[in-house]
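This briefing looks at aromatic rings, at the way they pair with one another, and at charged groups placed over them. Please keep the sequence and the structure in view while reading.

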Amino acid sequence: MRNLVKSLVLASGMIALAGTAMAADIVRPPPAARPVVVAPRAYSWVGHYIGIQGGWDWNDVAGTTDSGGIFGVFGGWNFSHVGNSIWGLDASINWTGGFGSTWKTFIRGRWGHALDRTLIYATAGAVGVGASTAVSDWGWTVGIGLDQAFSDRHFLRLDYAYQNFGSSQTSNTFMVGLGMHF
């Protein structure tokens, strides 16, 4: 009887070990691969830029309208702020048919909000006009504008600026530009 009990215990132990060994050999399929989601990189307006622009310059000098085309170059630097806010410096020098064929230069600060490839901005600063290489009259300017990137480096610009030179001299300038961002 003793041999029978020994045989049963030994057989039970072998069955228990054999069952454990079989459980270890169960192959589970690998987990399904998760798709990789790559978020598109937002357009960055930070950095310097240059461009050309042209448009129309409406001038009112003591009640007399003196208007003409305007053409020039612009450049500046944008800095990032909190979230999508952008601030920067913008300058341009332009030849204008208004004021009797003169040069008009803008030095403006700008503050805007970037909506990916669209930058909406407001400007304020100084404006100067002159008939030769020297600026003969300074004033102040405020304006609004929109820059729209159509590639990673190029953008179109729409810009409006109001200028006041004091003593009944004001101007309204509308320009369209093509710029390159670096």
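In this predicted model, Arg108 lies over the face of Phe106, at a distance of 5.3 Å from the centre of the ring. A second arginine, Arg157, has its charged end over the ring of Phe74, and here the distance to the ring centre is 4.2 Å. Phe74 also takes part in contacts between rings, which are the topic of the points below.

**Aromatic pairs**

- A pair of aromatic rings is described by the distance of the centres and by the angle of the planes.
- Searching the whole structure gives 11 aromatic pairs, and one of them joins Tyr49 to Phe74 in a tilted arrangement, with 6.2 Å from centre to centre and 50° between the planes.
- Because Tyr49 belongs to strand E1 (residues 47–61) and Phe74 to strand E3 (residues 68–80), this pair ties together parts that are 25 residues apart in sequence.
- Tyr49 is buried, with a relative accessible area of 2%, and Phe74 is buried as well, with a value of 4%.
- Trp56 and Trp58 form an edge-to-face pair, in which the centres are 6.1 Å apart and the planes make an angle of 65°.
- Trp56 counts as partly exposed at 38% relative accessibility, and Trp58 counts as partly exposed at 37%.

**An aromatic cluster**

- Tyr49 and Phe74 are also members of one aromatic cluster, which they form together with Tyr43, Trp45 and Phe155.
- Phe74 therefore joins several parts of this picture, since the ring that pairs with Tyr49 across strands E1 and E3 is also the ring under the charged end of Arg157.

Key. Residues are numbered from 1 along each chain as its sequence is written. This is a predicted model: local features need pLDDT of at least 70, side-chain atom pairs count only at pLDDT 80 or more; totals for chains, interfaces and linings use all residues. Side-chain values use heavy atoms; hydrogens and water are left out. Rings of Phe, Tyr and Trp (its six-membered ring) pair if their centres lie within 6.5 Å; planes under 30 degrees apart count as stacked, over 60 as edge-to-face and the rest as tilted. Helices (H or I, at least four residues) and strands (E, at least two) are DSSP runs, numbered from the N terminus. Buried means under 20% relative accessible area, exposed over 50%, partly exposed in between (1.4 Å probe, protein chains only). A charge sits over a ring if NZ of Lys or CZ of Arg is within 6 Å of the ring centre and within 35 degrees of the ring normal.
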